[in-house]
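Subject: Structure for you to look at

Hi there,

Here is the structure I promised to pass on. Please open it beside this email and follow along as you read.

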Amino acid sequence: MSRSSRFRTARALALAYVALTALAGLIAGAQGSSLAEVLVFWLSQPGLNVLYVFVLMLLTVAFGDFGDFGGGGGEPGAVGSALAGGLGAAVNVLLVRGAVCFLRRVAADLPVCRKRRTPLG
């Protein structure tokens with residue numbers, strides 16, 4: 001399998017994961033099913049937590065409470081569930097990509113580091 005085909009496959013899988021998670025969030029939010037929403041939020045972890053801490057909490061501190069944009073009663077509604085699930089999944093994809101890039105960099109530098117540590121004599 002060539003490198004470009006692996007990249008295409010990885011991109012397609014990442015896009016499918018984000019799209020399916022967002023679609024499942026939309027369906028779960030429209031049905032109001034608590035079990036389906038729990039599954040969507042579980043599938044989008046830990047990206048959803050990163051999104052809450054580094055984006056939504058900072059926006060709330062900066063601009064105050066946004067009010068109730070959801071379905072009423074503090075529930076996020078269909079669009080809110082789809083948005084939360086999709087964005088959490090997108091952050092997960094970025095976290096995995098960053099980890100893979102880091103591991104590739106370490107693997108590329110490892111032989112050079114081993115050559116430097118050999119004794120001179």
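Below is what I found, going from the overall fold to single residues.

First, a word on its origin: this is a predicted model.

**The fold**

The protein has four helices and zero strands, and from the N terminus on its elements run α-α-α-α. Of its 121 residues, 17% count as buried. If you take the contacts between residues at least 6 apart in sequence, 74% of them join residues at least 24 apart.

**The surface**

The protein exposes about 9,100 Å², and carbon and sulfur atoms supply 70% of that area. A nonpolar patch on the surface is formed by Tyr52, Val53, Phe54, Val55, Leu56, Met57, Leu59 and Phe63. Together these residues have about 750 Å² of accessible area. To look at one member of the patch, try Leu59, which is found in helix H3. Its relative accessible area is 32%, so Leu59 is partly exposed.

**A pocket**

The second largest pocket holds about 490 Å³ of space. Its lining has 14 residues, and the closest to the pocket centre are Ala10, Arg11, Ala14, Val93 and Arg97. Two elements give two or more residues to this lining, namely helix H1 (3-31) and helix H4 (77-117). Which of the elements gives the most to the lining of the second largest pocket? That is H4, with eight residues.

**The loop between H2 and H3**

Next, move to the loop between helix H2 (34-43) and helix H3 (47-63), where you will find Ser44. Is Ser44 buried or exposed? Ser44 counts as buried because its relative accessibility is 0%. Leaving aside residues up to four places away in sequence, Ser44 touches Tyr17, Thr21, Ala84, Gly85, Gly88, Ala89 and Asn92.

Pro46 lies in this loop between H2 and H3 as well. Have a look at its backbone: the peptide bond from Gln45 to Pro46 is cis, with omega near 0°.

**Val40 in helix H2**

Val40 is found in helix H2. With a relative accessibility of 5%, below the 20% limit, Val40 counts as buried. Which residues does Val40 touch, not counting those up to four places away in sequence? The list is Thr21, Ala24, Gly25, Ala28 and Gly85. For one of these partners there is also a distance: Val40 and Ala28 are 12 residues apart in sequence, and their C-alpha atoms are 7.9 Å apart in space. Thr21 and Gly85 are worth displaying here too, since they appear among the contacts of Ser44 and among those of Val40.

**Ala22 in helix H1**

The last residue on my tour is Ala22, which lies in helix H1. Ala22 is partly exposed, because its relative accessible area is 21% and buried means under 20%. Again not counting residues up to four places away in sequence, Ala22 touches Ala82 and Gly86. Ala22 and Ala89 are 67 residues apart in sequence, yet in space the distance from C-alpha to C-alpha is 8.1 Å. You have already met Ala89 as one of the residues that Ser44 touches.

That is the tour; just write back with any questions.

Best wishes

Notes
Residues numbered from 1 in each chain as written. Predicted model: local features only at pLDDT ≥ 70, side-chain atom pairs only at ≥ 80, totals over all residues. Heavy atoms only, no water. Buried < 20%, exposed > 50% of the residue type's maximum accessible area, 1.4 Å probe, protein only. Contact = heavy atoms within 4.5 Å. Areas by Shrake-Rupley, 256 points an atom, 1.4 Å probe, with all protein chains shown as cover. Patch = residues over 30% accessible without salt bridge, like charges linked within 9 Å, V, L, I, M, F, W, Y side chains within 5 Å. Salt bridge = Lys/Arg side-chain N within 4 Å of Asp/Glu carboxyl O. 1 Å grid on protein atoms, 1.4 Å probe; cavity = no way out; pocket = protein on both sides within 12 Å on 5 of 7 lines; lining within 4 Å. Points joined across faces, edges and corners; volume = space filled by probe spheres on them.
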